[in-house]
Amino acid sequence: MQWYFVASLLTILTSSQGILTTLSQSNGAYKYDYATVPFLAEVFKLAVSSLLLWKECKKSTLPKMTTEWKTVALYPIPSVIYLIHNNVQFATLTFVDTSTYQIMGNLKIVTTGILFRLFLGKRLSNLQWMAIVLLAVGTTTSQVRGCGEASCDSIFSAPIQGYTLGVLSACLSALAGIYTEFLMKKNNDSLYWQNVQLYTFGTIFNLARLIFDDFRGGFENGPWWQRIFNGYTITTWLVVLNLGSTGLLVSWLMKHADNIVKVYSTSMAMLLTMIVSLFLFNFKPTLQLFLGIIICMMSLHMYFAPPNMLLDMPLTVKPDEERLIEVSVDRRTHS
């Protein structure tokens with residue numbers, strides 16, 4: 001399976017995630033406990049990965065599975081990072097508005113590139129660095145509202161705590177992705193075995209959150225297992241399946257591609273969501289959206305296109321042609 005096919009599928013699923021989540025609301029509110037969605041998505045990913053691992057183990061050649069405690073103990077760390085990241089997200093939104101938070105969220109594009117270089121030791125060319133910065137600029141441009149709106153000034157009027165938490169949120173998001181890629185490429189273990197470990201801890205942490213919410217709310221709505229499916233519709237189940245499938249595709253990209261491919265997929269998904277919203281939610285197109293799409297497409301071409309397509313390479317003369325030129329020159333001198 002080619003990485004660009006998986007990346008394209010990830011773009012489509014990530015784009016539909018926000019649309020399905022919006023459609024799952026009733027009168028602008030959730031009728032279900034949205035904390036159960038990531039829990040069920042983790043259970044779905046764990047079940048699919050376990051099934052695929054079982055099928056892989058039935059083959060004549062057993063897959064490689066490292067069971068040393070030192071290796072297994074590394075797999076809860078991404079869940080811990082994401083847990084901290086989610087709390088930082090909520091804290092950030094207490095200091096800044098939603099539009100400012102979305103714009104600051106694009107910092108994770110640049111921080112991913114920096115951590116990609118520092119922790120994984122991957123070298124990026126100058127053109128690729130320019131492409132990453134352009135991607136951040138393009139996604140930000142598409143989200144900036146017209147300066148005639150009252151919210152335009154709010155981008156630069158948030159307290160320093162909001163900007164600090166926004167940068168921290170971007171760094172944590174990038175760190176979680178980079179660390180996951182490190183785990184996936186650390187050894188030649190089966191992808192499905194690695195997924196089983198990741199999603200086992202992910203399920204445990206999401207279950208812990210449901211239990212914590214029960215105690216914090218004083219069991220007002222009953223324990224989590226009694227209300228887990230309350231308010232669920234077909235659209236809600238599609239949200240769960242979409243979120244779970246997205247996670248499986250991301251893990252495949254972490255194993256066979258890298259974080260930069262994932263960043264491009266999710267960024268393009270954001271633009272695709274805006275385009276689809278034009279038809280589904282009467283979203284009005286803006287000049288900023290069109291400019292953002294153009295900049296992001298330029299960035300995509302700059303990062304993945306071969307260098308000879310981006311630069312005017314000097315014509316090289318083949319050795320046979322050089323001999324012909326020398327012979328012709330010699331003949332002219334002797335004549």
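Let's start in helix 8, which covers residues 160-185: Y179 and F182 are 3 residues apart there, so about one helical turn separates them. One thing to keep in mind throughout is that this is a predicted model.

How are the rings of Y179 and F182 arranged as an aromatic pair? They are tilted, with 5.9 Å centre to centre and 45 degrees between the planes. Why tilted? The angle of 45 degrees falls in the range left over once stacked, under 30 degrees, and edge-to-face, over 60, are taken out.

Now the surroundings of that pair. Y179 has 16% relative accessibility, so Y179 counts as buried, because the cut-off is under 20%. F182, with a relative accessible area of 36%, is partly exposed.

Here is another pair for you: F215 and F219. Their rings are edge-to-face, at 5.0 Å centre to centre and with 75 degrees between the planes. Is F215 buried or exposed? F215 is exposed, since its relative accessible area is 60% and the cut-off is over 50%. F219 counts as partly exposed, at 39% relative accessibility.

Stepping back, how many aromatic pairs does a search of the whole structure find? The number is 15. There is also an aromatic cluster to look at on your screens: Y30, Y32, Y34, F229, Y232 and W237 together form one.

Let me move on to a pocket, the second largest one, with a volume of about 200 Å³. Its lining has 13 residues, and the ones nearest its centre are A7, S8, T11, S265 and L300. Which helices each supply at least two residues of that lining? They are helix 1 (3-23), helix 12 (259-280) and helix 13 (287-304). Helix 1 gives the largest share, 6 residues.

For those of you thinking about chemistry, the lining of this second largest pocket divides into 10 nonpolar residues and 3 polar ones, with no charged residues.

I'd like to finish with S265, one of the residues nearest the centre of that pocket. S265 sits in helix 12. Its relative accessible area is 3%, so S265 is buried, given the cut-off of under 20%. And which residues does S265 touch, leaving aside those up to four places away in sequence? S265 touches A7, L10 and T11. Two of those names, A7 and T11, we already met among the residues nearest the pocket centre.

Technical notes: Residues are numbered from 1 along each chain as its sequence is written. This is a predicted model: local features need pLDDT of at least 70, side-chain atom pairs count only at pLDDT 80 or more; totals for chains, interfaces and linings use all residues. Side-chain values use heavy atoms; hydrogens and water are left out. On a 1 Å grid over the protein atoms alone, a cavity is a set of points where a 1.4 Å probe fits but cannot get out, and a pocket is an open set with protein on both sides within 12 Å along at least five of seven lines; lining residues have an atom within 4 Å of a point. Grid points are joined across faces, edges and corners, and a volume is the space filled by probe spheres set on the points. Helices (H or I, at least four residues) and strands (E, at least two) are DSSP runs, numbered from the N terminus. Ala, Val, Leu, Ile, Met, Phe, Trp, Tyr, Cys and Pro count as nonpolar, Asp, Glu, Lys and Arg as charged, and the others, Gly among them, as polar. Buried means under 20% relative accessible area, exposed over 50%, partly exposed in between (1.4 Å probe, protein chains only). Contact means heavy atoms within 4.5 Å. Rings of Phe, Tyr and Trp (its six-membered ring) pair if their centres lie within 6.5 Å; planes under 30 degrees apart count as stacked, over 60 as edge-to-face and the rest as tilted.
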